[in-house]
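Got the viewer open? Here's a tour, one selection at a time.

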Amino acid sequence: MTTEAIPEEAPVFSEADVAHMRRALQLAEHARDAEGEVPVGAVLVLDGEIVGLGWNRNITLHDPTAHAEIMALRAAGEKLANYRIAGATLYVTLEPCAMCAMALVHARIARVVYAAADPKTGAAGSVFDTLIDPRHNHRIAVQGGLLAEASAELLRDFFRARR
């Protein structure tokens, strides 16, 4: 009997997923170009409508919590007048960190789609499994790798230019 590895199926992304991630990449470029921030962008979508946009603003706002995901959550919370955004999908150009992952759990986000994995601090499977940890009372569906190379290239070029 031979034991062959069963290939993992590649995630299936819709045209809407691709469009929203392209918008997140535009926001990442804005973070880099307009504010000199690490290029990460986020788009929060509920029922097909964009309810929150965000990009890294840590340096600009002197705020260690001003990650793209947090900024998108804040914008959506204000727009919807609610801290819970149940059923929403977050598109983000870099795998969320532990801080952002817990904010997403608390906000009851349904799904996270990220571009590039973060092998140092990723909390959507790379380093931690925060979004799907069974100890939480809410788990989030996660799909990674959508337009990953475009996001990784933005990040590589940004850090290369800063060295």
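## First stop: a loop residue

Select T130: not counting residues up to four places away in sequence, T130 touches A101, M102, V105, A123 and H136, where contact means heavy atoms within 4.5 Å. Before moving on, know that this is a predicted model, in which local features need pLDDT of at least 70 and side-chain atom pairs count only at pLDDT 80 or more, while totals for chains, interfaces and linings use all residues. Residues are numbered from 1 along each chain as its sequence is written, and side-chain values use heavy atoms, with hydrogens and water left out.

T130 sits in the loop between β4 (111-116) and β5 (141-144). Helices (H or I, at least four residues) and strands (E, at least two) are DSSP runs, numbered from the N terminus. Is T130 buried or exposed? T130 is buried, with a relative accessible area of 12%; buried means under 20% relative accessible area, exposed over 50%, and partly exposed in between (1.4 Å probe, protein chains only).

## The sheet

Now show the strands. They form an open sheet of 5 strands in the order β2-β1-β3-β4-β5, with mixed pairing; two strands pair if DSSP finds at least two bridges between them. β2 (49-55) and β5 are at the edges, and each has a single partner strand, so one side of each is left without a neighbour in the sheet. Look at β4 and β5: they pair in the parallel sense over 4 bridges. Select R111 and you'll find A141 of β5 opposite.

Add helix α1 (residues 15-35), which packs on the sheet and touches β1, β2, β3 and β4. The direction of α1 makes about 145 degrees with that of β1. Axes are lines fitted to C-alpha atoms, for helices over the stretch in contact, and angles run from 0 to 180 degrees between N-to-C directions. Then bring in α3, which also packs on the sheet, touching β1, β2 and β3.

## Two helices side by side

Keep α1 on screen and add α5 (148-162). α1 and α5 pack at an angle of about 5 degrees, with their axes 11 Å apart. They are therefore roughly parallel to each other (angles under 35 degrees count as roughly parallel, over 145 as roughly antiparallel, 65 to 115 as roughly perpendicular and the rest as oblique). For the contact, pick L25, A28, E29 and R32 of α1 plus A150, S151, L154 and F158 of α5.

Stay on α5 and click A148, which counts as partly exposed at 24% relative accessibility. Its contacts include A115 and A116. The C-alpha atoms of A148 and T93 are 7.6 Å apart, although 55 residues separate them along the chain.

## Into the core

Which residues touch the most other members of the largest nonpolar core? Select L44, L90 and I109, out of 31 residues in that core. A nonpolar core is a set of buried Ala, Val, Leu, Ile, Met, Phe, Trp, Tyr and Cys residues joined through side-chain atoms within 4.5 Å. A second, separate core has 11 residues, including L27, A31, Y91 and L146.

## Last stop: two cysteines

How many disulfides does a search of the whole structure find? It finds 0, a disulfide being a pair of cysteine sulfur atoms within 2.5 Å. Select C97 and C100: the sulfur of C100 is 3.8 Å from the closest cysteine sulfur, in C97, too far for a bond. C97 is buried at 14% relative accessible area, and C100 is buried at 0%.
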